[in-house]
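Q: Could you take me through one part of this model up close? I'd like to see how the strands of its sheet are arranged and what packs around them, with a word on a helix pair as well.

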Amino acid sequence: MAITTTPPPATELDPDKLMGFVFRAVDEVGASLNGALVVMGDQLGYYRALADLGPLNAPQLARATDTDEHYAREWLNAQAAGDYIDYDPEAGLFSISPEHAAALTDPSCPGYVQGLFQFVHGTVRDAPHIVAAARTGAGYGWHEHNTDVHAGCERFFRPGYLANLVNGWLPALDGVVAKLERGAKVADIGSGHGAPAILIAQAFPNSTVLGTDYHAGSIEVARQRAAEAGVDGRATFQTTDSTEHPGGGYDLVTMFDCLHDMGDPVGAARQVKEILAPDGTWMIVEPIAGDRPEENFNPVGRVYYAFSTLLCTPTSLAQDVGTALGTQAGPARIRDVTTAAGFTQFRTVASTPFNNVFEVRM
């Protein structure tokens, strides 16, 4: 027997509300396209030329960067339309403010954003794989993503580590700096390209750091970075699963922006408990988040939920167990992971606009 339904009555639309949303969508499309233009400006040296040489027109920018004038012209206009750079219509010249130049050209600046744009650019390019995975519940591993995801991730988080790790986060941990100064044994799980491990080795020459990651490509990069920094004898790296870290008796175990990516975070936490010295400390650095979704309905939370959908959740689902905590797991869920593994002490010791830092002890 056929079932017939009556269509709902037509809803009268508020034209102002409709067009308000349309123009918001136009703005978002412009922002989406601009992400690729920022990466373009980074790769072609456009921002650097504007910062170093001062106001330029399109022919001058093209000559300074050995690029085509037509592309330089359109790129400059697009950047000025988006308020990334300034335009003087009388002189016909484009310039960049010192603040924007720092954010777009200086990797040591805490507000450096080029890594974030590269990270997003790579993530979006892999979106078709995530759409396919969402239809079946499959995962998509970190190792399967393009290299802009891996390199951009480090470029995004490294300025925050550089600004906060040695001067803020480690001193916030109970007694850890004194151990590091005397000579501590450190394990960095999920070490990626090795930025935090290398920073610790540079700041505390009496200590040693062993970084591990399941992604062999990242481990190779980390070894190269350690050699370039002159700490390859004290910051070493090994390919291994998060639940199988070699050795034991570690005074400090660290995880930087990776616990939520793990397929079995409780299993990884149990491994930390096994390798940690009785009076040792586990430091967990996670993306900033509150415990309720509505606490994260803000610009940073929006970015992290997007990363969670396109990157972090698929990464976890691609591994055994596939817990998929999500990028915005929040302190309570992270604490639940540590408690399930047998830890009894958990506290938030620091936070930044992008990260929460937790201290975990036996």
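A: Happy to; here is a walk through the sheet, followed by the helix pair.

Please keep in mind that this is a predicted model. The sheet is an open one of 7 strands, and its pairing is mixed. Reading across, the order is S5-S4-S3-S6-S7-S9-S8. The edges belong to strand S5 (235-239) and strand S8 (345-351); each has a single partner strand, so one side of each lacks a neighbour in the sheet. From one strand to the next, the twist averages 20°.

Now let's step inside the sheet, to strand S6 (residues 250-256) and strand S7 (residues 276-287). These two run parallel and are joined by 6 bridges. If you look for a landmark here, try Val253, which stands opposite Trp282 in S7. Packed on the sheet you will find helix H12 (residues 265-275), which touches S6 and S7 as well as strand S3 (185-189). The direction of H12 makes about 145° with that of S7.

For the helix pair, turn to helix H3 (residues 58-65) and helix H4 (residues 69-81). Their axes lie 8 Å apart, and the two helices pack at an angle of about 120°, which makes H3 oblique to H4. The crossing of H3 past H4 is right-handed. On the H3 side, the contact is made by Ala58, Pro59, Leu61 and Ala62, which meet Glu69, Ala72, Arg73, Trp75 and Leu76 of H4. By type, the residues of this contact comprise 7 nonpolar and 2 charged, with no polar ones.

How values were computed. Residues are numbered from 1 along each chain as its sequence is written. This is a predicted model: local features need pLDDT of at least 70, side-chain atom pairs count only at pLDDT 80 or more; totals for chains, interfaces and linings use all residues. Side-chain values use heavy atoms; hydrogens and water are left out. Axes are lines fitted to C-alpha atoms, for helices over the stretch in contact, and angles run from 0 to 180 degrees between N-to-C directions. Helices (H or I, at least four residues) and strands (E, at least two) are DSSP runs, numbered from the N terminus. Angles under 35 degrees count as roughly parallel, over 145 as roughly antiparallel, 65 to 115 as roughly perpendicular and the rest as oblique. A crossing is left-handed if the near helix is turned anticlockwise from the far one by less than a right angle, and right-handed if clockwise. Contact means heavy atoms within 4.5 Å. Ala, Val, Leu, Ile, Met, Phe, Trp, Tyr, Cys and Pro count as nonpolar, Asp, Glu, Lys and Arg as charged, and the others, Gly among them, as polar. Two strands pair if DSSP finds at least two bridges between them.
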